[in-house]
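Work through the following exercises with the sequence and the model in view. Each task is followed by a solution that proceeds step by step.

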Amino acid sequence: MSNGFFKKQQGAENMEKAQIIELQKIVGGDYVLTRPEELYSYSYDATPGHQHMPEVVILPGTVKEVSEILKFANKNRISIYTRGSGTNLSAGTVPMQGGIV
């Protein structure tokens, strides 16, 4: 159901290998998760019935890295979802438009 509020942006289905490499340059390759078995636990929270796989999960370690990731996502129009422990009941951390967790 689309009411115009949520617009499909470039995200999970559209990220290119070059974009993944750029993210790896920001945080280091060990902190960019792309394998399905790594992404699965980031595809849902405690909300029943809501699940969608992200394209990539990034584990930044500094404020500077967070800033660079946000600049990258904005420049490339990629959806970004912040996540703590994933225990919320609002599906707020589920990457429904793909993109970056």
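A salt bridge is taken here as a side-chain nitrogen of Lys or Arg within 4 Å of a carboxyl oxygen of Asp or Glu. With that cut-off, the side chains of E68 and K71 meet in a salt bridge, at 3.4 Å from N to O. The model is a predicted one.

**Exercise 1. Describe the order of the secondary structure elements and the share of buried residues.**

Begin with the elements: the chain has three helices and two strands, and from the N terminus on they run α-β-α-β-α. Next, turn to accessibility, where 34% of the 101 residues of the chain count as buried. Finally, consider separation in sequence: among contacts between residues at least 6 apart, 63% join residues at least 24 apart.

**Exercise 2. Find the salt bridges and state how accessible their residues are.**

The count under this cut-off comes to three salt bridges. Take R35 to start with: R35 forms a salt bridge with E37, where the closest N and O atoms are 2.8 Å apart. R35 also pairs with E38, with 3.4 Å between the closest N and O atoms, and R35, E37 and E38 are thereby linked in a network of salt bridges. As for accessibility, R35 counts as partly exposed because its relative accessibility is 45%, whereas E37 is exposed, with a relative accessible area of 56%.

Then return to the pair of E68 and K71. These two residues are three residues apart in helix α3, so they are separated by about one helical turn. E68 is partly exposed, its relative accessible area being 29%.

**Exercise 3. Identify the largest nonpolar core and follow the contacts of two of its members.**

The largest nonpolar core consists of 12 residues in all, namely M15, I20, L23, V27, V32, V56, I58, I69, F72, A73, I78 and I100. Helices α1 (17–27) and α3 each supply at least two residues of this core. Apart from it lies another core, of five residues, among them L33, V57, Y81 and V101.

For a first member, choose I20, which is found in helix α1. I20 counts as buried because its relative accessible area is 7%, the cut-off for buried being under 20%. Leaving aside neighbours within four places in sequence, I20 is in contact with M15, V32, T34, E55 and V56. With V56, the separation is 36 residues in sequence and 7.9 Å in space, taken from C-alpha to C-alpha.

For a second member, choose V32. Not counting residues up to four places away in sequence, V32 touches I20, L23, Q24, V27, V56 and V57. The lists for I20 and V32 can then be read side by side: V56 appears among the contacts of I20 and also among those of V32.

**Exercise 4. Characterise the largest pocket by its volume, its lining and the classes of its lining residues.**

Start from the volume: about 260 Å³ of space lies in the largest pocket. The elements that give two or more residues to its lining are β2 (57–58) and α3 (63–76), and α3 gives the most, with three residues.

Next, look at the lining as a whole, which comprises 15 residues, with I58, P60, Y81, T82 and V101 lying nearest the centre of the pocket. By class, the lining has 12 nonpolar, two polar and one charged residues. To relate the pocket to the cores of Exercise 3, note that I58, one of the residues nearest the centre, belongs to the largest nonpolar core, whereas Y81 and V101 belong to the other core, of five residues.

Key
Residues are numbered from 1 along each chain as its sequence is written. This is a predicted model: local features need pLDDT of at least 70, side-chain atom pairs count only at pLDDT 80 or more; totals for chains, interfaces and linings use all residues. Side-chain values use heavy atoms; hydrogens and water are left out. On a 1 Å grid over the protein atoms alone, a cavity is a set of points where a 1.4 Å probe fits but cannot get out, and a pocket is an open set with protein on both sides within 12 Å along at least five of seven lines; lining residues have an atom within 4 Å of a point. Grid points are joined across faces, edges and corners, and a volume is the space filled by probe spheres set on the points. Helices (H or I, at least four residues) and strands (E, at least two) are DSSP runs, numbered from the N terminus. Ala, Val, Leu, Ile, Met, Phe, Trp, Tyr, Cys and Pro count as nonpolar, Asp, Glu, Lys and Arg as charged, and the others, Gly among them, as polar. Buried means under 20% relative accessible area, exposed over 50%, partly exposed in between (1.4 Å probe, protein chains only). A nonpolar core is a set of buried Ala, Val, Leu, Ile, Met, Phe, Trp, Tyr and Cys residues joined through side-chain atoms within 4.5 Å. Contact means heavy atoms within 4.5 Å.
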